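Here is a short note to read beside the structure, written as numbered points. Please keep the sequence and the 3D view at hand while working through them.

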Amino acid sequence: MSTLPPCPKCHSEYTYEDAGQFICPECGHEWKTGEDTEVVGESTRIIKDANGAVLSDGDTVTVIKDLKVKGSSLVVKVGTKVRNIRLVDGDHDIDCKIDGIGAMKLKSEFVKKA
């Protein structure tokens, strides 16, 4: 009996293989053979910027759209550089500090890697 890798998304052990792809019946996640099969303790989520470049902790990014700060009259302007980002799980992928504003959470779709 062969051992199939657990689902990289929900870590279910009940995966099966069909036509060269692994499928998780619990969450419906599908991935190709040899892709995303190594999960070491944490999920291996890949976060990309607006241009498709892979982001990692400590990167510097540039904001590509004016962003209103919720609950405030402040705006993060286009071209604002954000240094030393941290990637997190959730709707907003990036934790950072912006000069003049403070701690913020940003979505990766509104930044590009500098």
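1. The largest pocket is a good place to begin, with the reminder that this is a predicted model. The space in this pocket comes to about 250 Å³. In general, such empty space is found by rolling a probe the size of a water molecule over the atoms.

2. Which residues line the largest pocket? The lining is made up of Leu67, Lys68, Val69, Lys70, His92, Met104, Lys105, Leu106, Lys107 and Phe110. Sorted by class, these comprise 5 nonpolar residues, 4 charged residues and 1 polar residue.

3. It is also worth asking which strand gives the most to that lining. Strand E10 does, with 3 residues, while strand E5, which covers residues 67-68, is, like E10, a supplier of at least two residues.

4. Strand E10 can then be followed away from the pocket to its partner. Strand E9, residues 94-98, runs antiparallel to E10, residues 102-106, and the two are joined by 5 bridges. Within this pairing, isoleucine 98 is found opposite glycine 102 of E10.

5. The connection between these two strands deserves a careful look, since E9 and E10 form a hairpin in which 3 residues lie between them. In the turn, glycine 100 has a positive phi of about 85°.

6. Another part of the chain to examine is an open sheet of 3 strands, whose order is E7-E4-E11 and whose pairing is antiparallel. Strand E7 (81-82) and strand E11 (111-113) each have a single partner strand and stand at the edges, so one side of each is left without a neighbour in the sheet.

7. Within that sheet, strand E4, residues 61-63, pairs with E11 over 3 bridges in the antiparallel sense. A reader who wishes to locate this pairing in the 3D view may look for valine 63, which stands opposite valine 111 in E11.

8. How many helices and strands does the chain have? There are 11 strands and 0 helices, and the pattern read along the sequence is accordingly β-β-β-β-β-β-β-β-β-β-β.

9. Some values for the chain complete the picture. Of its 114 residues, 26% are buried, and the accessible surface is about 7800 Å², with 48% of that area belonging to carbon and sulfur atoms. If one considers the contacts between residues at least 6 apart in sequence, 37% of them join residues at least 24 apart.

Conventions
Residues are numbered from 1 along each chain as its sequence is written. This is a predicted model: local features need pLDDT of at least 70, side-chain atom pairs count only at pLDDT 80 or more; totals for chains, interfaces and linings use all residues. Side-chain values use heavy atoms; hydrogens and water are left out. Two strands pair if DSSP finds at least two bridges between them. Helices (H or I, at least four residues) and strands (E, at least two) are DSSP runs, numbered from the N terminus. On a 1 Å grid over the protein atoms alone, a cavity is a set of points where a 1.4 Å probe fits but cannot get out, and a pocket is an open set with protein on both sides within 12 Å along at least five of seven lines; lining residues have an atom within 4 Å of a point. Grid points are joined across faces, edges and corners, and a volume is the space filled by probe spheres set on the points. Ala, Val, Leu, Ile, Met, Phe, Trp, Tyr, Cys and Pro count as nonpolar, Asp, Glu, Lys and Arg as charged, and the others, Gly among them, as polar. Buried means under 20% relative accessible area, exposed over 50%, partly exposed in between (1.4 Å probe, protein chains only). Contact means heavy atoms within 4.5 Å. Accessible areas come from the Shrake-Rupley method with a 1.4 Å probe; for residues, only the protein chains shown count as cover.
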